[in-house]
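Me: I'm new to this one and would like to go through it slowly. Can you show it to me, and then I'll ask how you know what you know?

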Amino acid sequence: MQSIPIMSMQERSMTSHAYTGLWITDDGFIRHELLPNGRYVEGRGHRERAYQGRYEIRGNQIDYKDDTGFSADGEFRNDILYHAGMVLRRG
């Protein structure tokens with residue numbers, strides 16, 4: 001019998017967050033998909049899963065921690081995500 005994963009309280013609250021979804025640079029090279037379960041997938045160029053990990057949002061701030069342990073942050077302003085010198089818009 002296969003077990004079904006149980007979502008944590010944080011994961012359940014993320015399902016209705018306004019910032020979930022796809023965020024893309026204007027040239028389409030960088031793509032951040034913020035999943036409702038608190039995970040993200042970053043695509044770069046032809047690599048659909050260049051990075052992946054967890055994210056947490058507090059107000060308009062986002063903190064990323066990828067599965068290798070690297071961490072970064074960003075800020076949402078006027079429906080734009082500013083992250084590591086990049087500007088990402090809703091996809």
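Me: Okay, what share of the contacts with a separation of 6 or more comes from residues 24 or more positions apart?
Reply: That share is 31% in this protein. Keep in mind that we're looking at a predicted model.

Me: How many helices and strands are there, and what pattern do they follow along the sequence?
Reply: The protein has one helix and eight strands. Read along the sequence, that gives α-β-β-β-β-β-β-β-β.

Me: How confident is the predictor, going by the mean pLDDT?
Reply: The mean pLDDT is 87, and 82% of the residues get to 70 or more. Residues 1-14 are another story, with pLDDT below 50. That stretch still has 13 contacts in the model beyond near neighbours in sequence. Where pLDDT is low, though, the predicted coordinates shouldn't be read in detail.

Me: How many residues are there, and what percentage of them count as buried?
Reply: The protein has 91 residues, and 32% of them count as buried.

Me: Why is Ile-62 called buried?
Reply: Buried means under 20% relative accessible area. Ile-62 comes in at 0%, so it counts as buried. You'll find Ile-62 in strand 5, which spans 61-66.

Me: What does Ile-62 touch, leaving out residues up to four places away in sequence?
Reply: Its partners include Leu-34, Tyr-55, Ile-57, Ala-72, Phe-76 and Leu-81. For Phe-76, which is 14 residues away along the chain, the C-alpha atoms are separated by 7.7 Å.

Me: How do you know whether His-83 is buried or exposed?
Reply: The cut-off for buried is under 20%, and His-83 has 7% relative accessibility, so His-83 is buried. His-83 sits in strand 7. Leaving aside neighbours within four places in sequence, its contacts are His-32, Tyr-64, Ala-72, Asp-73, Gly-74 and Leu-88.

Me: What makes the pair of His-83 and Asp-73 a polar contact?
Reply: For a polar contact, N or O atoms have to be within 3.5 Å, with one able to donate a hydrogen and the other to accept it. Here a polar atom of the His-83 side chain is 2.9 Å from the backbone oxygen of Asp-73. The distance falls within the limit, so that part of the test is met.

Me: Why is Ala-84 called exposed?
Reply: Exposed means over 50%. Ala-84 has a relative accessible area of 62%, so it's exposed. Ala-84 lies in the loop between strand 7 and strand 8.

Me: And what stands out about the phi of Ala-84?
Reply: The phi of Ala-84 is near 50 degrees, a positive value in a residue other than glycine. Most residues other than glycine have a negative phi. Asn-78 also has a positive phi, near 50 degrees.

Me: Where is Asn-78, and why is it called exposed?
Reply: Asn-78 is in the loop between strand 6 and strand 7. Its relative accessibility is 77%, and the bar for exposed is over 50%, so Asn-78 is exposed.

Me: What makes Gly-69 partly exposed?
Reply: Partly exposed covers the range between the buried limit of 20% and the exposed limit of 50%. Gly-69 is at 40%, so it counts as partly exposed. Gly-69 belongs to the loop between strand 5 and strand 6. Gly-53 is 16 residues from Gly-69 in sequence, and their C-alpha atoms are 8.7 Å apart.

Me: How do you know that Arg-47 is exposed?
Reply: Arg-47 has a relative accessible area of 52%, and exposed means over 50%, so Arg-47 is exposed. Arg-47 lies in strand 4. Not counting residues up to four places away in sequence, Arg-47 touches Arg-31 and Glu-42.

Me: What lines the largest pocket, and how much space lies in it?
Reply: About 150 Å³ of space lies in the largest pocket. Its lining residues include His-32, Tyr-40, Glu-42, Tyr-64, Phe-70, His-83 and Ala-84. Strand 3 gives the largest share of the lining, three residues. By class, the lining has six nonpolar, two polar and three charged residues.

Me: Why is Tyr-64 in that lining counted as nonpolar?
Reply: Tyr is on the nonpolar list, so Tyr-64, a residue of the lining, counts as nonpolar.

Notes: Residues numbered from 1 in each chain as written. Predicted model: local features only at pLDDT ≥ 70, side-chain atom pairs only at ≥ 80, totals over all residues. Heavy atoms only, no water. Helix = DSSP H or I, 4+ residues; strand = E, 2+ residues; numbered from the N terminus. Buried < 20%, exposed > 50% of the residue type's maximum accessible area, 1.4 Å probe, protein only. pLDDT = per-residue confidence, 0-100. Contact = heavy atoms within 4.5 Å. 1 Å grid on protein atoms, 1.4 Å probe; cavity = no way out; pocket = protein on both sides within 12 Å on 5 of 7 lines; lining within 4 Å. Points joined across faces, edges and corners; volume = space filled by probe spheres on them.
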